[in-house]
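Please open the model in your viewer, with a selection tool ready, and follow the stops below in order.

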Amino acid sequence: MTTTATLAPPVRMGKAAVWALGLLAISTGALESVVAPTLPLLQRELDISPSTGALLNIVLAITGALVTPLAGKLGDRYGGKRVLIRLMAVVSVGGLVSAVAPNLPVLLLGQVLQGAMIGALPLSFIVVRKHLPAGESKVAIGLVSGMFVGGSMVGLLAAGPVAEALSRHWMFAVPTFAVIGFTLLVNRLMPSDPPGRSDGAGIDWPGMLLLSGILLTLMLALAVAPDAGSQPLVLGALIVLLAAFVTGWVAVERRATAPMIDLRMLARPVIWKSCVLTFVICLGTATGVFLVPQLLDVSGDGYGFGASATEIGFILLPGAVVATLAGPAGGFGEQRFGSRAVVAAAVAIMATALLALSVAHTEVWHIVVGKALIALANGLCVTAMVTSIASSVDESDTGIATSLILVTRVLGSAMGGMLGGVLLTSGTPSGSDVPAESAFVTGFLIAGVVAVLALPVVRTMSKGAKA
């Protein structure tokens, strides 16, 4: 048995399998990114408000936050390839549901199922590491990561033309067909990896279900907030339910043998500071990601651009390019100057971009530069946070600490997206479909001020290692 386990890794995946995994990453990246440039179009076709439309921006990330830690445990227990293929089957079903969705509830269901792709991407890295030596695995992981980002750019550019030339249904269907085809190719070319040894700890199902309830209730509460005056009892009931979910989740996680999220780690300064900064950066990023396409779409009195979905995709493209470069730049900056310097720069850039957009948003270049700076700040901060966590906790605690950061990212993204949606909905005059300019200004301003308020937390961070 031992000899077999030792000899199995040399039967490594070939280049064809690595490229198949990369092509799968392109198709999933494209499927993930089709909503951003076409969100105003979806709101019109589905007859939904901006606050409701904001749900489409965040449900995929919420599913990913729940699926990712579960995928890692299942991959170790049953084999990475086996779990990866099944997750991609879920993604394919989600893409098909989104493609045929006649209304918002069905489309949301499709997006929830598509969220499994976030758990599949890191799982594919685990599989690559099992089947390739260290040097080759780093190249393969870089290739897959780069092709996923490339796929996101393809989705940004292609979603608008496909939706306008054919229909919104096809912008989901085309990348989904690619996902199905490349999943079958990966299944054929990638060697199977043996199941790992179980650590004896079960999956924290109660914690996962309660966290799902927290995130769902939070979304619903934010969605009904603009109409709180007409339905105060509904909002009050959701707040009570949210408090009950949070209380129950904290109690379960504190007693669980293998908690999904180890809340005791939050007492460590490096953890809570990283969570605060991650929340701030993701709130600012999500606010910008939601408000910018809406601003490009509207045609108000002296503001807005009346851009089509295709034009919005092209305007968002520079930001996607910057996001691709921000990760490597963050890694280099962290190594050269230390994590505190990189995070300080990221938070300052985020605050500057958001505050600048609150006062200057009448020219296309204002939007392009502002969105690019937001993407740069997000990439720099996320890279520095991951590096800081990895170097500041024991190796055995890396997974737990990463889970805390992941949940914080989702909460920050959810709050940012819903903040933008609520402000636009409440800022739309009665009888009009166009939000007031003040709603956009308020959204950028609030997110920018939150970023400024986080700077004192940055100053208390350790500098981090320097080269």
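Select Glu-45 first: with a relative accessible area of 48% this residue is partly exposed, a class that lies between buried (under 20% relative accessible area) and exposed (over 50%), with a 1.4 Å probe and protein chains only. The model is a predicted one, in which local features need pLDDT of at least 70 and side-chain atom pairs count only at pLDDT 80 or more, while totals for chains, interfaces and linings use all residues. Residues are numbered from 1 along each chain as its sequence is written, and side-chain values use heavy atoms, with hydrogens and water left out.

Now add Arg-168 to the selection, and a salt bridge between the side chains of Arg-168 and Glu-45 comes into view, at 3.1 Å from N to O. The pair links distant parts of the chain, since Arg-168 sits in helix α9 and Glu-45 in helix α3, 123 residues apart. A salt bridge is here a side-chain nitrogen of Lys or Arg within 4 Å of a carboxyl oxygen of Asp or Glu, and helices are DSSP runs (H or I, at least four residues), numbered from the N terminus. Arg-168 has 6% relative accessibility and therefore counts as buried.

How many salt bridges does the structure hold? There are two, and the other stop of this kind is Asp-297 with Arg-44, whose closest N and O atoms are 2.9 Å apart. Asp-297 lies in helix α12 and Arg-44 in helix α3, so this pair ties together parts that are 253 residues apart in sequence. Is Asp-297 buried or exposed? Asp-297 counts as buried, because its relative accessibility is 16%, whereas Arg-44 is exposed, with a relative accessible area of 52%.

Move next to Asp-47, in the loop between α3 and α4 (50–78). Asp-47 has a positive phi of about 55° although it is not a glycine, and at 71% relative accessibility this residue counts as exposed.

The second largest pocket is the next selection, and Gln-43, Ile-48, Pro-50, Asp-433 and Val-434 are the residues to pick, since they lie nearest its centre among the 16 that line it. A pocket, on a 1 Å grid over the protein atoms alone, is an open set of points with protein on both sides within 12 Å along at least five of seven lines, and a cavity is a set of points where a 1.4 Å probe fits but cannot get out; lining residues have an atom within 4 Å of a point. About 430 Å³ of space lies in this second largest pocket, a volume being the space filled by probe spheres set on the grid points, which are joined across faces, edges and corners. Helices α3 (35–46) and α12 (269–297) each supply at least two residues of this lining, and the largest share, three residues, comes from α3. By class, the lining of the second largest pocket divides into six nonpolar, six polar and four charged residues, where Ala, Val, Leu, Ile, Met, Phe, Trp, Tyr, Cys and Pro count as nonpolar, Asp, Glu, Lys and Arg as charged, and the others, Gly among them, as polar.

For the enclosed space, note that the structure holds one cavity of 30 Å³ or more. The largest cavity has a volume of about 80 Å³, and residues to select in its lining include Leu-21, Leu-84, Met-117 and Val-144. Helices α2 (15–33), α5 (80–100) and α7 (116–131) each supply at least two lining residues, and the lining of the largest cavity has nine nonpolar, two polar and no charged residues.

Then select Ala-159 in helix α8 (residues 134–165), a residue that is buried, with a relative accessible area of 2%. Ala-159 and Leu-31 are 128 residues apart in sequence, yet 9.1 Å apart in space, C-alpha to C-alpha. Gly-417, in helix α16 (residues 398–426), likewise counts as buried, at 2% relative accessibility. From Gly-417 to Leu-56 the C-alpha separation is 9.4 Å, with their positions 361 residues apart in sequence.
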